[in-house]
Structure formats: C-alpha cells, structure tokens
Amino acid sequence: MSESPILFDVTRLISRSWTRRLSTGIDRVCYAYLDHFRSRAQAVVQHKGMFRILTQRHSDTLFDMLRGADGPFRRRMAAFAPAALARGATRIDGHGATYVNVSHTDFDLDSHVMWGESCGFRSVYLIHDLIPITHAEHCRPHAVRRHRGRVTNALRHASGIIVNSSATADELTNFSSREKLTAPPLLVAPLAGASLSSYADTPAADEPYFVCVGTIEPRKNHLMLLELWRAMVARLGKDAPRLVIIGQWGSNSDAVRARLREGGGLAGRIQMVEGCDDVALGQWVAGARALLMPTLAEGFGLPMVEAMRLGTPVIASNLPCFREIGEGIPLLLDPLDPSAWEGAVLDFTGDHAERQRQLARLRTYRPATWDCHFSEVDRWLEALPQRRSHTPGITREQVGGLSPFVTASPIPMAGKHRA
C-alpha cells in the first residue's frame, strides 16, 4: 500500500496540554490518530484564520511534547513556538497529501475552507456526532451555529468523512438530504476507547456503588440520577447504594451544582470525582455494580465500550448508538423514565438475573480495537480520489447499511511515501 503524507491538525491537543484539562472522548480519539499517523505526518496548527504547517523536524518535536507530561508543556511550548511557527508554511502545494482533522476544530470557518482550497490537498474530517443540530435544546446557540457550520462545510468541501457509528451516519445522511448537499465518500469506523484493564486490580468495595462517567452537561441527564438517588436515600437511608459521578464540569451545568449543594440527605451517598486519571478511572469502573449512562443524546459512547472491556455491566439509555455498540449486552432504558432506572439500580445492587446475564455475556465480549479501526481507515484513505468528486447526497448504499466498516470503491492514487 502506498502512503500519502498526512497533515495532521493538532490544534485541539495543544489547547488540552496547555490548559492541562483531562482528556475527553474526542481528545482520546485525537491521540489515537496522532500515534497512528505521526511517522508520516506533519503538524498543522490553526488559530483564527492563521495556519501553519510545521517542518518535519518541528512536527516530530511537537508530537513528542504532546505525548509528554503536561507539567512542563507551557514552558516548552513557549520556547518552541516562535521558531516553529516562523519556519512553518502557510500554504503548500498539497497534491498527494491528506489533511486530517478529527477534533471538530475550526472547519466551520470560511478561512479554513479557503486555506484548504489554496493548498490543494485532500481534506478528511471525523464527525463525532450531530448533537448540536439534532438536539439543539441541550446546547448553547453559539455551539449550535458552529457545529452546523462544521457539518455543512465537511459535506460541501471534504474529500471524505469518517463517522464513529452507523447511528451518526444515519443522522448525517438525514441532514445531507434535508439540506440538499452534495456529500463525499463516508466511512463508518467504530472507536476503541482507552484500555483501562491494566488498572483494574482493585479490592472489592465495602458497599455497592454505581459510576456515571462523562462531562457534566445537560444532555448527560445527571439531574435525573440526582433525583433518583434523592428518592432512594429518602426511602432506604444508608441501605441505598452509592453513586460516583466522574467527570469535568461542562457548560450549562449550574443546575447540577445547585442540586448537589442542596444536599437533601445525599451526603455520603453521592461522590463527585474530578481530575480522575486513567488509573483511578479503571479502578472506579472495575469495582462498580454497573456503569450508568442515562444520556439524552450520543454519537458513540466511549465509556460504554471501556466499561464492557473491563467486564463491568452497563445500564444505558435506549439510543441507536448504544444499541449498535452494545451488541445486545447493556440494559437499555428510556432516559425519561426514572422509575425504570430506580428498579434497575436496585436490581443491580444485588445479584439480579439481568446483571448475571450481562456478566456472562461480557466474558466473551470482544470490543473494537484501534488496530482494526486504522486498518479500515488506511484502506479507505488509499481509495479516496485526490480531489472531491461531485456526487449526490449520502445514500444508505454509500454507508453500507448497518455494516460496521465501509470502504470506498478502489481508486488508484499516486501518493508519496515517507520513510
């Protein structure tokens, strides 16, 4: 297989290291792509219409910094950036190269589109979800406008689009049809998530607990869990199981903060864990009676895959993506039916038959791997035409029904190989 050079956008990863925030699901995907492509990639940095393609030497140095400790990153970046940006190219003759952006970074901007057109490379974007479009009520208006711009620009200008699930592909198909947009080839490639198994050697908990993992924001439905726990504690007291909420505070999370401050007898029954690294996360998830995911909208759901990899049962919302990636293992419930969730939590506190069913199924569960993901991505990239072809909007045939992986028809491409 010939390998075309990759121009990999690291803007989001620079921001993450600079702010030292813990990695979100999108960040984890960015790191996986960095690790896979770095041997033949040059780094792209963009900021408010400024673009730099770093030299190979500077790219390799930056990749090492991004994979290093956060502590010295600001100091190292401040010393590194002036020369790296000064010697980087604003525009190149990109024929044979592929620009890859898997971070939702700034491809809604007109300046980004014009820059890509001026360079002449293929552009490939990974769209993680369409939530700000399909569930705008859970997002800020600014986030809705920007994400609509990302999806629209990707459909209009990308050489190809990668999505993480057939559920996301369906939403992209519907959006493309409604907007009467021409669409590029589409690849459905499930994600692997983090491997937390090496951190799971933890003693049994003194009392049963459940975990909820993810950014704290309205669509994750934490308020339903808090009300559910308030009701259980009022009725059962200390016999109610514990709830451990693991995540960073997101936008519009004031209602959750306020509810936690109110208490209402929840002290000792609900624990907030911020700044949780992968070692602690693996231990918390491995020891839980189940992972709870009552989210109202999702594009994939990495915590579900990571929990099942550890052998931890899952209770989640009955969403298309969870039906797809869960492979019939999780218990799926209506996220707006707290009574059903309470019954499931109480059942899973003990050794209910449903929990035992999941434990038995999880012994033979084989999650997607990054090797499998990138095998499909590499093959698909090899088949993409150099420049965007003008074809009708996405159809079910293009995304291959419910097949987990789809590749475009083989098209010869003269790519450049970098050792």
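Let us start with one pair of residues: in strand S3, Arg52 is the bridge partner of Val45. Keep in mind as we go that this is a predicted model. The pair belongs to a meeting of two strands, for S2 and S3 are joined in the antiparallel sense over 4 bridges.

From here we can step back to the sheet around them. S2 and S3 are part of an open sheet of 7 strands, whose order is S3-S2-S1-S4-S5-S6-S7 and whose pairing is mixed. Which strands stand at the edges? They are S3 (50–53) and S7 (186–188), and each has a single partner strand, so one side of each is left without a neighbour in the sheet. On average, neighbouring strands of this sheet are turned by 20° against each other, direction ignored.

Now let us walk inward to strand S4, which spans residues 98–101. S4 pairs with strand S1 (residues 6–9) in the parallel sense, over 3 bridges, and Ile6 stands opposite Thr98 in S4. S4 also runs parallel to strand S5 (residues 122–127), to which 4 bridges join it. Here Asn101 stands opposite Tyr125 in S5. The path between these two strands includes a helix: S4, helix H5 (residues 110–119) and S5 make a right-handed β-α-β unit. Are the faces of S4 covered or uncovered? Both are covered, with Thr98 and Val100 buried on one side and Tyr99 and Asn101 buried on the other.

Next comes helix H1, made of residues 11–19. Its buried residues are Thr11, Leu13, Ile14, Arg16 and Ser17. What do they pack against? Their partners are S1, H2, strand S2 (41–47), helix H3 (56–66) and helix H4 (73–87). Just after H1, Arg20 takes a positive phi of about 60°.

With the sheet and this helix in mind, we can turn to the interior. The largest nonpolar core has 73 residues, and Phe8, Val10, Tyr33, Leu62, Ile162, Val211 and Ile246 touch the most other members. Helix H2 (residues 25–37) gives the most to this core, with 8 residues. Apart from this core lies another, of 27 residues, with Phe51, Trp115, Ala158 and Ala183 among them. Ile246 offers a closer look at the largest core: leaving aside neighbours within four places in sequence, Ile246 is in contact with Val211, Cys212, Val213, Gly214, Val273, Cys276, Leu281 and Trp284.

Two more residues are worth a visit. Thr168 lies in helix H8, residues 166–179. Thr168 counts as buried because its relative accessibility is 1%, and buried means under 20%. Beyond neighbours within four places in sequence, Thr168 is in contact with Ile127, His128, Asp129, Leu130, Val163 and Gly299.

Our last stop is Trp341, in helix H14 (residues 338–349). Trp341 is buried, with a relative accessible area of 0%. Not counting residues up to four places away in sequence, Trp341 touches Met224, Leu228, Leu292, Met293, Pro294, Ile315, Ala316, Ser317, Leu333, Asp334 and Pro335. One of these, Ala316, is 25 residues from Trp341 in sequence and 9.1 Å away in space, C-alpha to C-alpha. Asp334 has a polar link as well: its backbone oxygen lies 2.9 Å from a polar atom of the Trp341 side chain.

Technical notes: Residues numbered from 1 in each chain as written. Predicted model: local features only at pLDDT ≥ 70, side-chain atom pairs only at ≥ 80, totals over all residues. Heavy atoms only, no water. Core = buried A, V, L, I, M, F, W, Y, C linked by side-chain atoms within 4.5 Å. Buried < 20%, exposed > 50% of the residue type's maximum accessible area, 1.4 Å probe, protein only. Contact = heavy atoms within 4.5 Å. Polar contact = N/O pair within 3.5 Å; in protein donor to acceptor, adjacent residues only side chain to side chain. Pairing = 2+ DSSP bridges. Right-handed = clockwise from strand over helix to strand, strands pointing away. Axes fitted to C-alpha atoms, helices over the stretch in contact; angles between N-to-C directions.
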